[in-house]
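Welcome, and thank you for taking a look at this one with me. Below are a few points to read alongside the structure.

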Amino acid sequence: MTDPGSVARVARLLGDESRTAMVLALLGGDSRTVSELAAEASVGVAAASEHVSRLAAAGLVTTQTQGRCKYVRLAGPDVAQLLETLSRFGEEETARSLGAVRERERFARARTCYDHLAGRLGVAVLDAMSARRLLARRSGLAVTAPGREWFAGLGVDLDLLERGRRPVVRECLDVTERRPHLAGSAAAALCETFRQRDWVRALPRSRALSVTPLGERALEHLLGIGAGELRAAG
């Protein structure tokens, strides 16, 4: 049974815009120092440290101290999914400048959702893998025999991932596309492969990703995804 008090406590925590700005800054799956989160939330370091303590007590973030710095990251993919889900609700803010419009388009085209690919890129990857029968829906998403060979060809060890506690593959509803993209430990490994092979590059101070020319060729070769599929419709 869901405890209303637990839900209310998390809602109160995220009802503070400074704390929300801090956890949203962690959605890329990386670690940030308390000072960096203070800058993201436009608050002092002391206030940011108090916010982090409250978020950690609620199980939303974890912390690790190295030397004089405390590093903060989301507690896991479930927290990232919660934040992505919440971001779909509420009134959408209209972009007020050309720069904001361009940033929104970059964000929708390709980005990370915690540690996996999202945006039109993430949705296209899931659609292409399903169309090629690398994935199948059998009471949930599952990797097929050809899919296992496909992942192995990229150096992803599914046998190792299956020994972990995290689902290997699952669907995650994309906040901008309103359709699912691929999540789970295999999706995280796939995203890391894209990064390591320079198929995607992170944009400064953003979860948005740039698909490189090398990445465009890889997507076409591996999954039949053309560059035009990642452009905005209309």
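**Charged pairs and a helix contact**

1. Let us begin with the salt bridges, of which the count comes to ten. Please keep in mind that this is a predicted model. The next points walk through some of these pairs.

2. A good one to find is the salt bridge between the side chains of R111 and D174, with N and O 3.0 Å apart. This pair links distant parts of the chain: R111 sits in strand 4 (residues 111-113), while D174 is in the loop between strand 8 (170-173) and strand 9 (180-183), 63 residues apart. Both R111 and D174 are buried.

3. Next, look for R166 and D115, whose side chains meet in a salt bridge at 2.8 Å, N to O. R166 belongs to the loop between helix 9 (158-162) and strand 8, and D115 to the loop between strand 4 and strand 5 (116-118), so this pair ties together parts that are 51 residues apart in sequence. Are these two residues buried or partly exposed? R166 has 24% relative accessibility and therefore counts as partly exposed; D115 is also partly exposed, because its relative accessible area is 21% and buried means under 20%.

4. Helix 9 has a salt bridge of its own to show you: D159 pairs with R148, and their closest N and O atoms are 2.8 Å apart. D159 lies in helix 9 and R148 in helix 8 (residues 145-153), eleven residues apart. D159 is partly exposed, with a relative accessible area of 44%, and R148 counts as partly exposed at 29%. Elsewhere, D30, R32 and E40 are joined into one network by salt bridges that share partners.

5. Now for an arginine without such a partner. R19, in helix 2 (residues 17-24), is buried yet has no salt bridge. Why does D16 not count as its partner? D16 is the nearest side chain of opposite charge, but it is 4.2 Å away, and a salt bridge needs the nitrogen and oxygen within 4 Å. What the side chain of R19 does have is a polar atom 2.9 Å from the backbone oxygen of L13.

6. Finally, see how R19 fits into the packing of helix 2 and helix 4 (residues 45-57), which meet at an angle of about 75° with their axes 10 Å apart. That makes helix 2 roughly perpendicular to helix 4. The contact is made by S18, R19, M22 and V23 on the helix 2 side and by A48, H51, V52, R54 and L55 on the helix 4 side. Beyond its neighbours within four places in sequence, R19 is in contact with R12, L13, H51, R54 and L55.

Notes: Residues numbered from 1 in each chain as written. Predicted model: local features only at pLDDT ≥ 70, side-chain atom pairs only at ≥ 80, totals over all residues. Heavy atoms only, no water. Helix = DSSP H or I, 4+ residues; strand = E, 2+ residues; numbered from the N terminus. Buried < 20%, exposed > 50% of the residue type's maximum accessible area, 1.4 Å probe, protein only. Lys, Arg positive; Asp, Glu negative; His and termini not counted. Polar contact = N/O pair within 3.5 Å; in protein donor to acceptor, adjacent residues only side chain to side chain. Contact = heavy atoms within 4.5 Å. Axes fitted to C-alpha atoms, helices over the stretch in contact; angles between N-to-C directions. Parallel < 35°, antiparallel > 145°, perpendicular 65-115°, else oblique.
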